[in-house]
Amino acid sequence: MEGLSRLPGNTFSDSTQTNHHVSHTLEIKNGHRVAKWPEVGLGGARINYNRMGEDEAELLRNYRPELVYGKVVVQHPDNFVPAVLAYDKKVLRFFGYFKQSIPESPNEYYRVRPVKIFYYLEDDSLEVFEEVQENSGIPQGKLIRRHRFPKNDHGETYNFRDLNLGQNLAIYGKVFRICDCDPFTREWLESEGVRVNQPEMIPRDPYLTKRNQVAELKSYRTKNDFDKLKQFVEMDRKVLRFYAIWDDRSRMFGDKREFIIQYYLVNDTMEVREVHPINDGRDPFPILINRHKIPKDRYNVKGTFPHVFLELSDTEVKDYIKPSDLMVGKTVTIYGRDFFIYDCDTFTKTFYTKNFGISDFGPVDVHPPPEEDAKMEIPPYNGFGSLEDSVQNCLKLQPDRPKKDYVKLMENEHHVLRYEAVLDSPREIDKLRKFVINYRLGDDTISIFEPPQRNSGIIGGRFLERTRVSKPDSTPANPQYYGPSDFYIGATVEVFRQRFIIRSADLFVLKYAEEHPEQFTPPVIESLRQHLSDQCGRPDAHLATNIQVQRKPGDFIGLYAEIRSKVKGMRITDRSQIREMFLRYDKDRNGFIARENIPDIFRQINLPIENDLIDAMMAECATNEQGKINLYDFLRFFEG
């Protein structure tokens, strides 16, 4: 109700009203938002306070302000002009420069490149332009095309308020210094409230300044009397030849070497050739220094000269080696090497006599007196390996095998002297050990074998490899080796600090001693004959061809096991080959073979079975009236 305050309890709602729409107060016309006063209230109800009354409308119709204040001048708004049209062809022009560093030039360290910076007011774009210089060799003209230059990483661009004199403008990593501007630019900036700084001078490029100074100071010289064409015609094929020596023995691995220095008079060039003696051990390169003009002091050059990619010329080097610097008896330094000139040829002597008035050309003796050849001294024997093998290492870098007496080796290839020996030891357990010493007459080597014994606690087998054994009283430098005459019954043989006492010998030893008495002394032969005759029970033992092996009769099982171990050690698995070899000697096809053929068969198949073992095998076989053994009884030892 009208007249009541709008307090809780004083307002009443119209229950008949069903429309509660609110009229909108915002409209969009031509893409612009326009505010609008509401004409109706909630649900389309009339708004009284937004309407003028009749009295107010009448007063407004009769109001004439021009009667009181005069006639109102109607002001028409200016027509809208876009920036593209308003600032068309209006450009701010600044003058500046930037420095370009030159790291690889000896004449300049940087360049000053003047530029013009244009600022287009119509779209706030910039452009950098450099004046093109003729024959500059630098890409010039438009350095940066026209566009809006970025100011930072936030997407902002440069504005005309960011440009002023005496300021740096960083554009894409290059820093441009703004030094001056034209009058229009200064006037426009001041009209926009920008305080323009004082102008600066663009520095001059140091290289261009230096080059202009050199051009101003350039002078011309009168041609001298020296004529290169005359020198070429008169001095062609005329060469001064000097014999020099370079002594570099003061340094590590240095040597004293001979050279030939040749000076070409046609163009004052020099070359150094090396003289290679026979078998000097050096690569056959004839030229040490190639032909060219050699300066006296190569290192007397400015520090700014680029030695890496430029060669020395007449501009850098003024003083070269001349014929007056080359004399017999003088030392000339060429690229750090001191060459002593000790002689020259005949033409060189004539040239110096004619041009320098020198007549004394006595050669200097630089060759030392011949030294005596050093005698090769063989060092003392150190005990490693054999003496003959060690001597070969002293004679050659790649030692050869020691030479053998092949005649002796072929004559006594299968001749082996076998002795039975025991250890000369205070230990009781060593006194029970038995050894078989084999002395091979082909190469005078000794091997020792220890037969295995049951329940002895000692593993038998090979005790010493085949080697030459020296006597204990001999020196390593002059060794004396054991010979056949040193082995007799009761003799003591020391083998590498092990003492053996010989107790018995094979019957072949006595037979060989009687056939070759020059290799044995009479007491040795007599001791062998006496011992073997007592052992066999026959006074004519020296005439016998067989020997009774000391084995238990009927010990076939032990003998078979020993033969099988020999065959297994040699990895002989083809028993049919052995059978065919034995059957080949059964010419009568009666199943018997002669005793003397069996050792030859074993040697042909390289089966290392001792002679006493072969005799024991033959003792276990049956024989016929002619003394031949039963072949099939003998083959039982090889067939399982």
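Helices, such as the H8 discussed below, are DSSP runs of at least four residues, numbered from the N terminus. With that in hand, the features of this predicted model can be taken one at a time, beginning with a pocket and moving on to the surface, the interior and two loops.

The second largest pocket offers a good place to start, with a volume of about 980 Å³. Its lining is made by 31 residues, and those closest to the centre of the pocket are Ser386, Glu388, Thr467, Arg468 and Tyr481. Two elements, helix H8 (387-395) and strand E18 (461-467), each supply at least two residues of this lining. Helix H8 gives the most, contributing 3 residues. As for the chemical character of the lining, 13 of its residues are charged, while 9 are polar and another 9 are nonpolar.

A look at the surface brings up a nonpolar patch of about 330 Å², which is made by Leu229, Phe232 and Val233. Of these residues, Leu229 belongs to helix H6, which covers residues 228-234. Leu229 counts as exposed because its relative accessible area is 56%, and the cut-off for that class is over 50%.

Another leucine gives a contrasting picture. Leu528 is placed in helix H12, which spans residues 522-536. Leu528 has a relative accessible area of 0% and is therefore classed as buried, a term that applies under 20%. The C-alpha atom of Leu528 is separated by 8.7 Å from that of Leu507, a residue 21 positions apart from Leu528 along the chain.

Two loops complete the tour, and their interest lies in the backbone. Most residues other than glycine have a negative phi. Asn135, however, is a residue other than glycine with a positive phi, near 60°. Asn135 sits in the loop that runs between strand E5 (125-130) and strand E6 (141-147). With a relative accessible area of 76%, Asn135 is exposed.

A positive phi is also found at Tyr335, where the value is about 55° although the residue is not a glycine. The loop that holds Tyr335 lies between strand E13 (331-334) and strand E14 (337-344). Tyr335 is partly exposed because its relative accessible area is 28%, which falls between the limits of under 20% for buried and over 50% for exposed.

Note on methods:
Residues numbered from 1 in each chain as written. Predicted model: local features only at pLDDT ≥ 70, side-chain atom pairs only at ≥ 80, totals over all residues. Heavy atoms only, no water. Patch = residues over 30% accessible without salt bridge, like charges linked within 9 Å, V, L, I, M, F, W, Y side chains within 5 Å. Areas by Shrake-Rupley, 256 points an atom, 1.4 Å probe, with all protein chains shown as cover. Salt bridge = Lys/Arg side-chain N within 4 Å of Asp/Glu carboxyl O. Buried < 20%, exposed > 50% of the residue type's maximum accessible area, 1.4 Å probe, protein only. 1 Å grid on protein atoms, 1.4 Å probe; cavity = no way out; pocket = protein on both sides within 12 Å on 5 of 7 lines; lining within 4 Å. Points joined across faces, edges and corners; volume = space filled by probe spheres on them. Nonpolar A, V, L, I, M, F, W, Y, C, P; charged D, E, K, R; others polar.
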